[in-house]
Amino acid sequence: MKTYKQPNTVGRFGEFGGMYVSETLMPLLLNLDKSYKKIQKDKKFKKELNDLFKNYVGRPSSLHYAKNLSKYINGPKVYFKRDELNHTGAHKINNCLGQILLAKKMGKTRIIAETGAGQHGVATATVCALFGLPCYIYMGSKDIERQKPNVFRMKLLGATIIPVESGSKSLKDAMNEALRDWIKNVRDTFYIIGSTAGPHPYPKMVRDFQSVIGKEAREQILKVEKKLPDYLIACVGGGSNAMGLFYPFLNDKKVKIIGVEAAGRGAKTEETAATMTSGTPGILHGSYSYVLQDNDGQIKEAHSISAGLDYPGVGPEHSHLKDIKRVKYFGVTDKEALEAFQTCSKLEGIIPALEPSHALAYLIKAFKNKHKNKVVILNMCGRGDKDLFTAAKAIGFDADE
Amino acid sequence: MNNLDTLPKKKILSLFMTCGFPTLSQSKRIFNEMLSHQPDVIEFGLPFSDPMADGPIIQEANKLALNSNLSTQQSLNLIKELSKSKNNTSFVIMCYLNTVRKFGVDKFIKSIKNIVDGIIIVDLPFEEESEIKKALSKNNIHLIKLISPMTDKKRAQKLLKGSKGFIYYISATGITGSNKLDYKEINKNVKSLKKMSKIPVLVGFGIKSKKDVLEISKKTNADGVIIGSALIQKYFDLKMDINKYLMALKKLIKEVKV
């Protein structure tokens, strides 16, 4: 088969991706692309990043054989790639460290970021604290309400939170505002995008920084199972944890890959975030990809119980992988995710974030009593601490005080 | 005939307004008021749910228009109806690419042919424009180029090669409606642009008052100005009273028509 080599030099994954931004941003993105290409060859940069991965994040994250869950499913052997054990509790830190090192090299003195669940905000605030740079986090007011512990974390870390009241008051609107900030403060500001979305070079850059997940998982599974996994499963909002796991396996034709989207109250309802199941190709936040939109191309509001998946777009590489049928995408509802959230907590002693709970729900549903003797790696991309209040409310448990 | 080819040499006035804002019927009254002053250019903003290159005022205008369920077709119909009394005023559409793509590029161009003289597709960069530009030029519609203070000389030269209509120079490194105007920088950049291209250079983003217009004319080499957010802001200042707004709009346009 042909070796997978995406994107091309202008940021196209097949027909998806690109740079659809105004001329106020274009020169910056081209400059960012140039700087990113340069540091990719920089050995010192690589060494610095690897040191931080090892000593600050605690990489490599372990590959845990989820024995009890495997027994419960009565199907394949399930391994968790435990990126929820990273410093800050999710995979987001991998990318933030890469980007802040780049920002430093480019001489930028102010950092901005958008956040949904708050994991990317916390990770960005963390690396800003570490490197002594002022940090401004755009966050939808609806997300501020449902992710209070992370809001407090960001404040402790010294970040300024800017509530976003426009639109659906969640991730999409936070990203609009962050882009506006960047346009206004182009000269000194670096925008750390947290997902594989946005204009080129972000989808590629974020994927590259996150692909440490897949690289490690590949080595680890070969060591314990002496073979590659049969399946990879990860949740997809914008798609960074999924691309991180998937990318190093894309050329391994035998490895089947599954992305799980948040279908909210159902993929066929208006209250969904399952972009690739329910959406059509369009342009959002500078990139051509599947989006939830109406007949006039107005972007719809997404819905998911998980703030991290509550996004009406998806990274362009996922759109490409869907269209070339290398990855299959499925939707999981709020309710199914909540059940898996509880099942995993009870069976494995791991409280997952609501985001990977979607991947878990699909695994439990689709693999029950099937695919015996197969090996699955599921990306446990975040821990559930941040979701305790949301989950308690949804389950009907009084968690006040 | 394309009205943009016969723009005056100096003191060009371009007025921006969101289509369908605040409602379709009121929007018609607003555009008729604007048109009665015969400005050199009227820019029709097509509302988009995620106008990331616009400021909060235009975003709010977009939101109001979309809340009244305005469709792209209705916006285009409105422009068509107004074009009957356009005389020498150039009609320019300002929009985001997703609106055009979703409508269908060919169908869109067919709908505005002989009605609209130019189009600004805010998020269509030079790198992605070739196909649409060709289709537009076949139908005698000019693709207006945005130049920002971040656009360096080499890039500006590339962007402006063969461009028609006018050059939209973004005065503040910022989004529409921001408030810093650096006349020295504007003058330096406009001068440099005028060496590259013969078409007029209009300065937009952040121009609010007669004073701003006069300063631009006095302190810079620009051929004209674009006013948008300031026109819309008045509506919110007047607590969304449409009759008071139309009067204020009349007054403001008279003032900036220097």
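This passage describes the confidence of a predicted model, the setting of one asparagine in chain B, and a sheet in chain A.

Residues are numbered from 1 along each chain as its sequence is written, and chains are lettered from A and ligands numbered from 1 in the order in which they are written. Because the model is predicted, local features need pLDDT of at least 70 and side-chain atom pairs count only at pLDDT 80 or more, while totals for chains, interfaces and linings use all residues; side-chain values use heavy atoms, with hydrogens and water left out.

For chain B, the pLDDT (the predictor's confidence in each residue, from 0 to 100) averages 94, and 97% of the residues score at least 70. The complex is given an ipTM of 0.94 and a pTM of 0.95 by the predictor.

In chain B, B:Asn2 lies in the segment before β1 (12-18), where strands are DSSP runs of E of at least two residues, numbered from the N terminus. B:Asn2 counts as buried because its relative accessibility is 2%, buried meaning under 20% relative accessible area with a 1.4 Å probe and protein chains only. The side chain of B:Asn2 reaches the backbone oxygen of B:Asp117 at 2.9 Å, and a polar atom of that side chain lies 3.0 Å from the backbone oxygen of B:Asn140.

In chain A, an open sheet of four strands has the order β7-β6-β5-β8, with parallel pairing, two strands being paired if DSSP finds at least two bridges between them. Its edge strands, each pairing on one side only, are β7 (160-164) and β8 (189-191). Strand β5 (residues 110-115) of chain A pairs with β8(A) in the parallel sense over three bridges, and A:Ile112 stands opposite A:Tyr191 in β8(A).

Definitions and conventions
Buried means under 20% relative accessible area, exposed over 50%, partly exposed in between (1.4 Å probe, protein chains only). A polar contact is a pair of N or O atoms within 3.5 Å; within protein, one must be able to donate a hydrogen and the other to accept it, and residues adjacent in sequence count only if both atoms are side-chain atoms.
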